Amino acid sequence: MKLRHIIAISKKELTQLKRDPRLIALIVMMPILMLLLFGFALKLEPKNVKMAYVDNDKSYFSNLIKTSLWSDGYFQLYEVNSKAKIIEEIRANKASAGLYISKDFSRELTDNAQPTVEFFVDGTMPSLTTAMKSNSDAINNSGVMGNMYFLDEDAENVIIADEPFIKETTVLFNPEEKETWFFLPGVIGVLIMQIALILTGTSIVREKEKHTLEQILVSPLSKIELVLGKILPYIVISLIDFYFILGLGWLIFELPDISSHLYLFALALIYVSVMISLGLLISIISQTQQQAMFIAIFIIIPSILLSGFIFPLEAIPEYIRPVSYIIPFTYFTEIIRSLLIKQTNITDLLPHFAVLLGFCMLFIGLSIQKFKSNI
Amino acid sequence: MIYNESANMIRDKKETTMISTKELSKTYGKKVVVNRLNLTVKKGEIYGLLGPNGAGKTTVMKMLATLLEPSSGEVEIMGIDAKKEVFKIRGKIGYVSQYFGLYEELSVRENIEFYASLYNANEPTKITNLIKKYDLERFETTMAKELSGGTQRRLSLVCALTHEPKLLFLDEPTAGVDPVTRKELWDNFFELRENGVTIIVSTHYMEEALRCDKLVFMSRGDIVANDSVENIMKLLDNNHIFSLVSHEMASLSRKLKNNPNILFTNQFGDELRIVAEKSLDLEAIKKLLKFDDVKISKASLEEVFIALTRDRK
């Protein structure tokens, strides 16, 4: 073994790398992005969690409860008109928690009858569920409990209960807070993303490298024919993969039954198409397979971290959150969890479907535009 | 009657002119890769693009095959404007890239079938006939990556012929193949020419260029000659070509160095060939070299090419 030989090979590798500015940019950008994400963006403690509430009492006491929930910035309250609506809002992903105060609350409170305040929390994301439950305990503190009475100097022998009201919490949709129910649907999306981006991400660029593209381009094949011909087989393969992984999930981890197989298929088809067309776009803009792989990784990692797959979207700071909304996986995660765990009404998911479809059209359009019919 | 004759003449001209370029150029920024190429290729001709690596042959080939958009100038392929009707042209031409352009994971037949399907020419009998004709039968199920370089070249040619194009572009089709395979490939090209196929072939092999009907000499993007092989070979008629055999090349070459009447010398083993001005006759060169056994020779294509391009280095 000669050191000179090793140095010669290493020097050649470095020179090759130096001549690939896109790859260098990715190598530099990746750690910066990861560092910033983990340093600033990713927090396990959510903020501004949406809470739908019904306050039929509208008293000093009910206000005290709402203010205590609002004041530390954890919950962001908005009013709805019924208990059913609270559940509906959570099911439709418009709220993550709910609060119901009955109209007899203050009367029962003054009667020392220990009224109940009802809390509802979404059980889809167990880490968020735990955090919401613990943060709703704000109403149990002495500042709230200790003020649940009027000072009536004329009254005699007023007995105030240690616990003037009872907080009753209901975990919706995933009462057992099963982590697998939360993770598995997202894992399907991650796997499809990886398979699709890597399969198609190298498809065109491989043809560029092997010079077969030149031979195809000289034929009367149109850009659209080539792009569609390229993505169709991968869409079918990825769809099969999607159901295979989901099937395993049902078989091994007893995932809940799906509310609509038709909508699930629509989701699978659209999501797979989005990922395949994104992979194709990567392949078209890349000069080498190595570049394509790096770009794919560059997309996969932020998608996993910023989509709500692991960290709740509410835990991502407001200034980073727009990034979450330009990640297709964010919409997939929300739809599949809603379909599998919450049995959400399809009309509430239509905007998400529309965004995914938009991504698909955008990526196919860009692929066709960026793809040169000459070289 | 006169009108009809003129019309026929125009039609004939259109039919027989397969390629016509006018001031065709390609530039990348300030770099001129092809500089004002004027070319007329007639039906049934084998037109060679000759030049060293980087001369611009492949760029010309790609512009003519609609793979590369020209920066300026005009180009008509079979009477069709190549800038406007790219897809119409693509259906009518065949192209073999210098990199084979084969799918390594597909078998010989699968490769042919695939390319044929792009031209709606995927007829099994026709494909079988092509496989037989080009002696690929025994490799029919062999993966392209397992073929020898020569067979891969032959397969590339077959892939480009599935739709029976009348115009065929061959970009260095024999690069890296052995002389026997090269001869076989050229036999194929000649047969195609006999069947009315026009061939544009780029090469940097001089002996191959001699097999062409017409040649374009390219050097650093410029067209230094564009004529029939016969006429190009006459370009050094106004010079003297001397030939001698000696074991003392170094001392002989030294004597010729810096002589303004010597254009250049070319050495082949023990043979030294001298291209000189006409003013330097046989006796004068013998005297200059102090060497009697010098003969007058005929210019080779390589010498013509060097003479035309040497000042550009």
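A residue is called buried here if 20 or more other C-beta atoms lie within 10 Å of its own, and exposed if 12 or fewer do. With that in mind, open chain B of this predicted model, where buried residues make up 37% of the 313 residues.

**Chain B as a whole**

Select chain B and look at its outline: along the principal axes, its C-alpha atoms fill a box of roughly 70 × 55 × 45 Å. Colour the chain by secondary structure, and you will be looking at 12 helices and 14 strands. Among contacts in this chain between residues at least 6 apart in sequence, 68% join residues at least 24 apart.

**The six-stranded sheet**

Next, select the strands β6, β7, β8, β3, β9 and β10 of chain B, which in that order form an open sheet of six strands with mixed pairing. In general, strands of a sheet pair through backbone hydrogen bonds, either parallel or antiparallel. At the edges of this sheet you will find β6 (93-96) and β10 (222-228) of chain B, each of which pairs on one side only. Neighbouring strands of the sheet are turned against each other by 15 degrees on average, if direction is ignored.

Now keep helix α2 (residues 57-64) of chain B in view with the sheet, because the helix packs on it and touches β3 (46-50), β7 (167-171), β8 (198-203) and β9 of chain B. The direction of α2 in chain B makes about 155 degrees with that of β8(B).

Then move to strand β9 (residues 214-219) of chain B, which is joined to β10(B) by six bridges, the two strands running antiparallel. Which residue of β10(B) is the bridge partner of B:Met218? Select B:Ile223 in β10(B), and you have that partner.

**Two residues to compare in chain B**

Select B:Glu105, which is found in the loop between β6 and α4 (108-118) of chain B. Is B:Glu105 buried or exposed? B:Glu105 has 10 C-beta neighbours inside 10 Å, and therefore it counts as exposed. If you draw a line from its C-alpha atom to that of B:Ala55, the two residues are 33 Å apart in space and 50 residues apart in sequence.

Now select B:Ile89, which is found in helix α3 of chain B. Because 22 other C-beta atoms lie within 10 Å, B:Ile89 is buried. Leaving aside residues up to four places away in sequence, B:Ile89 touches B:Thr66, B:Ile77, B:Ile80 and B:Ala82. From B:Ile89 to B:Thr58, which is 31 residues away along the chain, the C-alpha atoms are separated by 18 Å.

**Where the two chains meet**

Show both chains together, and you can select 17 residues of chain B that are in contact with 14 residues of chain A. Helix α3 (residues 86-90) of chain B gives the most to the side of chain B that touches chain A, with three residues. By class, that side of chain B has 11 nonpolar, four polar and two charged residues.

**Strand β4 of chain A**

Move to chain A and select strand β4 (residues 116-122), where five of the seven residues are buried, so the strand is largely enclosed by the rest of the structure. Strand β3 (residues 97-101) of chain A runs antiparallel to β4(A), and five bridges join them; here A:Ala97 stands opposite A:Val121 in β4(A). Strand β5 (residues 166-172) of chain A pairs with β4(A) in the parallel sense over seven bridges, and A:Phe120 stands opposite A:Thr170 in β5(A).

**Helices around α16 of chain A**

For the last stop, select helix α16 (residues 346-370) of chain A together with helix α12 (residues 261-285) of chain A, which pack at an angle of about 25 degrees with their axes 8 Å apart. Angles under 35 degrees count as roughly parallel, and α12(A) and α16(A) are therefore roughly parallel to each other. Seen as a crossing, α12(A) passes α16(A) in a left-handed way. Residues that make this contact include A:Tyr263 and A:Leu281 of α12(A) and A:Phe353 and A:Lys370 of α16(A). The residues of this contact divide into 19 nonpolar, three polar and one charged.

Finally, add helix α11 (residues 223-253) of chain A, whose axis comes within 9 Å of that of α16(A) and crosses it at roughly 130 degrees. The helices α11(A) and α16(A) are therefore oblique to each other, and the crossing is right-handed. In this contact, A:Lys223, A:Ile224 and A:Val227 of α11(A) meet A:Ile364, A:Ser367 and A:Ile368 of α16(A).

Technical notes. Residues numbered from 1 in each chain as written. Chains lettered and ligands numbered in written order. Predicted model: local features only at pLDDT ≥ 70, side-chain atom pairs only at ≥ 80, totals over all residues. Pairing = 2+ DSSP bridges. Helix = DSSP H or I, 4+ residues; strand = E, 2+ residues; numbered from the N terminus. Axes fitted to C-alpha atoms, helices over the stretch in contact; angles between N-to-C directions. Contact = placed C-beta atoms within 7 Å. Nonpolar A, V, L, I, M, F, W, Y, C, P; charged D, E, K, R; others polar. Parallel < 35°, antiparallel > 145°, perpendicular 65-115°, else oblique. Left-handed = near helix turned anticlockwise from the far one by under 90°.
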